[in-house]
Amino acid sequence: MTSNVKNNRRITLAWSGASGAPYGVRLLKYLLAAEYEVFLLISSAARMVLATEHALTLSSDSDTAKETLTKHLNVSTKQLIVCGKEDWLSPVASGSAAPRRMVVCPCSTGSLAAIANGISDNLAERAADVVLKERGQLLLVVRETPFSTLHLENMLKLSTMGVTIMPAAPGFYYQPQTIDDLVNFMVARILDHLGIEQKLVPRWGYDQRK
Ligand SMILES: Cc1cc2nc3c(=O)[nH]c(=O)nc-3n(C[C@H](O)[C@H](O)[C@H](O)COP(=O)(O)O)c2cc1C
C-alpha cells in the first residue's frame, strides 16, 4: 500500500454460489470503470452459477480466470487481481494489507452463515472476517427465498455488527423493461452504498419529473 488514496480505491469482491451471477459481473465492470483495484474471489459454486446464468465458464486457475474475465469485460488487467480460494498470502487475508471495503455479491446463505460465525475456511470467508475485525465496510447481497429463521438470525447478527444486508431484490417502481434494468437497479444501490457515483437508474423524485 503506497498511500491512503490508493487504499481508498481498493476493494474486495467475492462471488459466491447464490443465484444472481449477472449482478456480480456487472458490479465488477463498474468497479473497474471507477478505477478501483479489485481483489476478486470466486467460489467453486459461483463458477457453476456463472456457467448456468451468464454462460461464462471460468477456470479454477486464477490467471486463466482473470484472462477470461478481462476479455469478457474488455478491461485492463492491471486493476483486477483474481485470488485462489486458499491464497492465504493474498493482501485480503490480513488486516495489515486488506482493502477496508468488501462486497459479497451474490451472497449464498452458506457464505452468510460462515461469515456470521467467523469460520474463515476459505479466502472469501477470511477476507470478510478481516473486514469485520478491522471495522471496515461489508455489504452482503444475499439471495434466497424464502429465508429460514437461521438465515434471518445470521443476517440480524451481522447487521447489528454494522454489516449492510442488501437482499438481491430489485424494485419495480421505475418500470424496468429488461433483465438488464433489474440488474442495474441492484448494482446502482450497491454503488450508492459504496459512495461510487453512478447514473444507472433514475433517482426517485428527481429523474422521474417531466
Ligand atoms: C445454479 C445454482 C443456483 C444456486 N442458487 C442459490 C441461491 O440463490 N442461494 C443460495 O444460498 N444458494 C444457492 N445455491 C447453492 C450454493 O451454491 C451452495 O450452497 C454452495 O455450497 C454455496 O457455497 P459458497 O457460498 O462457497 O459459494 C445455488 C447453486 C447452484 C448450482
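Helix H3 (44-54) and helix H5 (109-116) each give at least two residues to the shell around the ligand. H3 makes the largest contribution, five residues. The shell counts 16 residues in total. Closest to the ligand are Ser 16, Gly 17, Ser 43, Ala 45 and Ser 111. By type, the shell holds nine polar, five nonpolar and two charged residues.

**Confidence and overall build**

This is a predicted model. Mean pLDDT for the chain is 94, and 95% of residues reach 70 or more. Residues 1-5 are another matter: pLDDT there is below 50. Beyond near neighbours in sequence, that stretch has three contacts in the model.

The chain contains eight helices and six strands. Read from the N terminus, the order is α-β-α-β-α-α-β-β-α-α-β-α-β-α. The radius of gyration is 16 Å, close to the 17 Å that the globule rule gives for 210 residues, so the chain is as compact as a globular protein of that length. The C-alpha trace spans about 55 × 40 × 35 Å along its principal axes. Buried residues make up 40% of the 210. Of the contacts between residues at least 6 apart in sequence, 72% join residues at least 24 apart.

**Helix H2 and the loop after it**

Helix H2 covers residues 21-33. Its 13 residues, at 1.5 Å each, should span 18 Å; the end C-alpha atoms lie 19 Å apart, which agrees. Ten of the 13 residues are buried, so the rest of the structure largely encloses H2. The buried set runs from Ala 21 through Pro 22, Tyr 23, Gly 24, Val 25, Arg 26, Leu 27 and Leu 28, then takes in Leu 31 and Leu 32.

Just after H2 comes Glu 35, with a positive phi. Glu 35 sits in the loop between H2 and strand S2 (37-42). Glu 35 counts as exposed because 10 other C-beta atoms lie within 10 Å, and the cut-off for exposed is 12 or fewer.

**Backbone exceptions**

Glu 35 is not a glycine, yet its phi is positive. Gln 175 is likewise a residue other than glycine with a positive phi. Two peptide bonds that lead into proline are cis: Cys 105 to Pro 106 and Thr 145 to Pro 146. The table sets out the angles and places.

| Site | Angle | Place |
|---|---|---|
| Glu 35 | phi near 65 degrees | loop between H2 and S2 (37-42) |
| Gln 175 | phi near 55 degrees | loop between S6 (164-165) and H8 (179-194) |
| Cys 105 to Pro 106 | omega about -5 degrees | Pro 106 in S4 (101-107) |
| Thr 145 to Pro 146 | omega near -10 degrees | Pro 146 in the loop between S5 (137-142) and H7 (149-160) |

Gln 175 is exposed, with 8 C-beta neighbours inside 10 Å. Pro 106 is found in a strand. Pro 146 is placed in a loop.

**Val 131 in helix H6**

Val 131 belongs to helix H6 (residues 123-133). Is Val 131 buried or exposed? Val 131 counts as buried, because it has 24 C-beta neighbours inside 10 Å and the cut-off for buried is 20 or more. Which residues does Val 131 contact, leaving aside neighbours within four places in sequence? They are Ala 98, Arg 100, Met 102, Gly 136 and Leu 138. Gly 95 is 36 residues away from Val 131 along the chain, with 7.4 Å between the two C-alpha atoms.

How values were computed: Residues are numbered from 1 along each chain as its sequence is written. This is a predicted model: local features need pLDDT of at least 70, side-chain atom pairs count only at pLDDT 80 or more; totals for chains, interfaces and linings use all residues. pLDDT is the predictor's confidence in each residue, from 0 to 100. Two residues are in contact if their C-beta atoms, placed from the backbone, lie within 7 Å. Helices (H or I, at least four residues) and strands (E, at least two) are DSSP runs, numbered from the N terminus. The radius of gyration is taken over C-alpha atoms; the globule rule is 2.2 Å times the number of residues to the power 0.38. The expected span of a helix is 1.5 Å times one less than its number of residues. A residue is near a molecule or strand if its C-beta atom, placed from the backbone, lies within 6 Å of it. Ala, Val, Leu, Ile, Met, Phe, Trp, Tyr, Cys and Pro count as nonpolar, Asp, Glu, Lys and Arg as charged, and the others, Gly among them, as polar.
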